[in-house]
Each structure stands twice: as structure tokens, then as C-alpha cells.
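I wanted to work through one chain slowly, writing down each thing as I looked it up. These are my notebook entries, kept in the order in which I went along.

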Amino acid sequence: MKENNTLFVAIGVGCGCLLVLLACGVTGVLVYLGMAARDGAVAEPVFTPPPAGPSPMTPSAPMVGPAAPVGVTDVHRIDATVTAASGLSDVTVGTPCVASVGRADREDGTFWCNAQITCGQRLLYGGPTAGYFECTLYAGTSFGVAGADAGTSGADRDPAMQIDTRSGSIEISDDADGALGAFHVSLRVDRVE
């Protein structure tokens, strides 16, 4: 009988220890989450580029343009087609492209533009904190934009880009320091919305 009592005591002590450890773990996680939320350290979503390599596209499904970063207003969609390409195996002549171009106000009262340009399934220019360039916006019967980002990734951490919807052209290029390596793509603007 004494052996049974010892067994029950040992089981009780073991279960009690496990409950204390579980309670400490849960409390630690809750304290951490509360501190992270209070300090604003809750992680924001990270942009994940599309997978490398070609992916099938359904011809009847319209391409969706990439979303403009927060704070970019008056966003317009530009449909384009690749007319010349080098350096990217999955972006070739005839590949459809979509650009989202809008205005980003600066604190000093001036503005610049932001472009997010995708060809096929690949983001060639832009990103959550990239794609800004000096520009001129044109109003009238339709939206127009002209401007350039002359530096490649080796100079300013994103590709070079030149756009002029009035002449119907977009050029994007980068050096070997870029995420996609060295490439050059010429686009024909087909439609501006």
C-alpha cells in the first residue's frame, strides 16, 4: 500500500511540474505579444516576389496590376507589351505587362511618381519601398506620365526605368547587382486607364 501511495505522489508531483511549465510558457508568449504590439514591433507583411521561371497564364483571365505602395494616389493602369528583351528567360518579345503608376506627395509640398511594373508574372520595377522616380504628370483627355529613374541597383538598389506614355514607351534595365541580374526590356504602351 505504501508503494501505491509513493507512485501516486510521484505522478502528482510530475503532473504539477508539467502544469507549472505550461503556465509559464503561455504567460511568456502572451507577455511577448503584448510588448510587441505596444512597441509597434508587430511584423508587417513582406513582399515575396513571384517564383522564378515561367508560369502558365490563362489567356481569358485579365492581368492584375501590382498594387501601389501606401501613400501613392491617383493610380493609373498602363497595359504594355514587350518589344525587346535580354537577360530574362521568362520575359520575351510579346510578353504582356501591366504597370500601376501614381503620384506620391513629399513632405516639402512637391511630388514624385511611383511605378510598379510586372511583365508576365515577374515584378521588374518597384516593390513595397521602391519604384519612385522624378516625373511630369499630364492631364487632359487621358492620363500621361513622363519621367525616369536613371540609377540601376548598383547605384540606388532598384532597376533603372524610363517612361513616356505620350511617345508610348517604357524602358527597364538593371545591372548584375539587381535581384534579377543584368537585363534590359523595352515596352510598347498599349493602353492607359
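The entries below go from strands to disulfides, then to single residues and rings.

**Entry 1: what kind of model this is**

Before anything else I noted that this is a predicted model, and I kept that in mind for every value I wrote down.

**Entry 2: strand β2 and its partners**

I began with β2, which spans residues 96-105, and asked how many of its residues are buried. I found that seven of its 10 residues are buried, so I wrote down that the strand is mostly covered.

Next I looked up which strands pair with β2. On one side of my list is strand β1, made of residues 72-86, which runs antiparallel to β2 and is joined to it by eight bridges. As an example of this pairing I noted H76, whose bridge partner in β2 is V101. The other entry on my list is β3, which pairs with β2 over nine bridges, again in the antiparallel sense. Here I picked out two pairs of residues: A99 has I117 as its bridge partner in β3, and V98 stands opposite T118 in that strand.

I also looked at how the chain passes from β2 to β3, and found that the two strands form a hairpin with five residues between them. In this turn I marked G109, which has a positive phi of about 95°.

**Entry 3: strand β3 and its other partners**

Strand β3 covers residues 111-119, and it is mostly covered too, with seven of its nine residues buried. Besides its pairing with β2, I found that β3 is joined to strand β4, residues 122-125, by three bridges, and that these two strands run antiparallel. One residue I had already met comes back here, since I117 has Y125 as its bridge partner in β4. The two strands form a hairpin with two residues between them, and G120 in the turn has a positive phi of about 65°.

I then turned to β5, which consists of residues 132-138. Two bridges join β3 to β5, and the strands run antiparallel; in this pairing N114 stands opposite Y132.

**Entry 4: the disulfides**

How many disulfides does the count come to? I wrote down two.

One disulfide joins C97 to C119, with the sulfur atoms 2.1 Å apart. Because C97 lies in strand β2 and C119 in strand β3, this pair ties together parts that are 22 residues apart in sequence. I checked the burial of both cysteines, and C97 and C119 are each buried. The torsion about their S-S bond is about 110°, and therefore I recorded this disulfide as right-handed.

Another disulfide joins C113 to C135, with an S to S distance of 2.0 Å. C113 lies in strand β3 and C135 in strand β5, so this pair too ties together parts that are 22 residues apart in sequence. The torsion about the S-S bond of C113 and C135 is about 75°, so the disulfide is right-handed. Both C113 and C135 are buried.

Counting the bonded cysteines along the chain, I wrote the pattern of the disulfides as 1-3, 2-4.

**Entry 5: H76, a residue of β1**

I went back to H76, which has its place in strand β1, and asked whether this residue is buried or exposed. H76 has a relative accessible area of 16%, and because buried means under 20%, I entered H76 as buried. Its side chain reaches the backbone oxygen of E193 at 2.9 Å. Leaving aside neighbours within four places in sequence, I listed the residues in contact with H76 as A99, S100, V101, F143 and E193.

**Entry 6: D108, a residue of a loop**

For D108 I noted a place in the loop between β2 and β3. D108 has a relative accessible area of 59%, and since exposed means over 50%, D108 went into my notes as exposed. The side chain of D108 makes a polar contact with the side chain of T110, at 2.5 Å.

**Entry 7: charges and rings**

Last, I looked up aromatic rings and the charges that sit over them. R103 lies over the face of F111, at 4.1 Å from the ring centre. The charged end of R106 sits over the ring of W112, 4.2 Å from its centre. I also noted that the structure holds one aromatic pair.

Technical notes
Residues numbered from 1 in each chain as written. Predicted model: local features only at pLDDT ≥ 70, side-chain atom pairs only at ≥ 80, totals over all residues. Heavy atoms only, no water. Helix = DSSP H or I, 4+ residues; strand = E, 2+ residues; numbered from the N terminus. Buried < 20%, exposed > 50% of the residue type's maximum accessible area, 1.4 Å probe, protein only. Polar contact = N/O pair within 3.5 Å; in protein donor to acceptor, adjacent residues only side chain to side chain. Disulfide = S-S within 2.5 Å. Phe/Tyr/Trp six-rings, centres within 6.5 Å; stacked < 30°, edge-to-face > 60°. Lys NZ or Arg CZ within 6 Å of the ring centre and 35° of its normal. Pairing = 2+ DSSP bridges. Contact = heavy atoms within 4.5 Å.
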